[in-house]
Amino acid sequence: MDNMKHIALIACSKSKQGQNDPARKFKAQDIYTGNTFKLAKTEGIRRFGCEDFHILSSKYYLLDKDDGISYYDMYLGSQSASYKKMWAGKVISALKAKYDIENTKFYIFGGKPYYENLTPHLNCVVFGYISSSKIDLEKPTEYKNGGK
């Protein structure tokens, strides 16, 4: 019997609500409107039996789905290597505060900048993005604390 928790981590998307009203706050699960974000939130979570999900945000690190945030324009892939490592450290710390990460399998939906510094620290399955509107749900890569 699998006693592991199954938690999805979904990368944020460039498309967001609130661009014309940057002071307005939205729930994190509602602000992102990109196709890959929506696909991961619906099909990905359901298909892999994830109990809950969080959002990997280039600006806010790890977001709970009900956190209130405003529009921002920032892509993790265009940040420095040192920022990406610092970002991953903050995400890992936040995950450790919420979960027993040794007994949790994380399903990461996102491009390489969002998973490359997380996989050495997590038991996870990564679903890469084929394009800005398509996730490869058929060919995941599984990592166990850094090893494939």
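User: What makes strand β1 count as mostly covered?

Analyst: In this predicted model, where local features need pLDDT of at least 70, side-chain atom pairs count only at pLDDT 80 or more, and totals for chains, interfaces and linings use all residues, six of the seven residues of β1 (residues 5-11) are buried, a word that means under 20% relative accessible area, with exposed over 50% and partly exposed in between (1.4 Å probe, protein chains only). A strand here is a DSSP run of E of at least two residues, numbered from the N terminus. Residues are numbered from 1 along each chain as its sequence is written, and side-chain values use heavy atoms, with hydrogens and water left out.

User: How do you know which strands pair with β1?

Analyst: Two strands pair if DSSP finds at least two bridges between them; six bridges join β1 to β6 (residues 104-109), and five join β1 to β3 (residues 52-57), so both count as pairs by that definition. Each of these pairings is parallel, and L9 stands opposite I108 in β6 and opposite H54 in β3.

User: Why is C12 not counted in a disulfide?

Analyst: A disulfide is a pair of cysteine sulfur atoms within 2.5 Å, whereas the sulfur of C12 is 18 Å from the closest cysteine sulfur, in C124, and is therefore too far for a bond. The structure holds zero disulfides.

User: Why is C124 called buried, and what keeps C124 from a bond with C50?

Analyst: C124 counts as buried because its relative accessibility is 0%, while its sulfur is 12 Å from the closest cysteine sulfur, in C50, which is too far for a bond.

Methods. Helix = DSSP H or I, 4+ residues; strand = E, 2+ residues; numbered from the N terminus.
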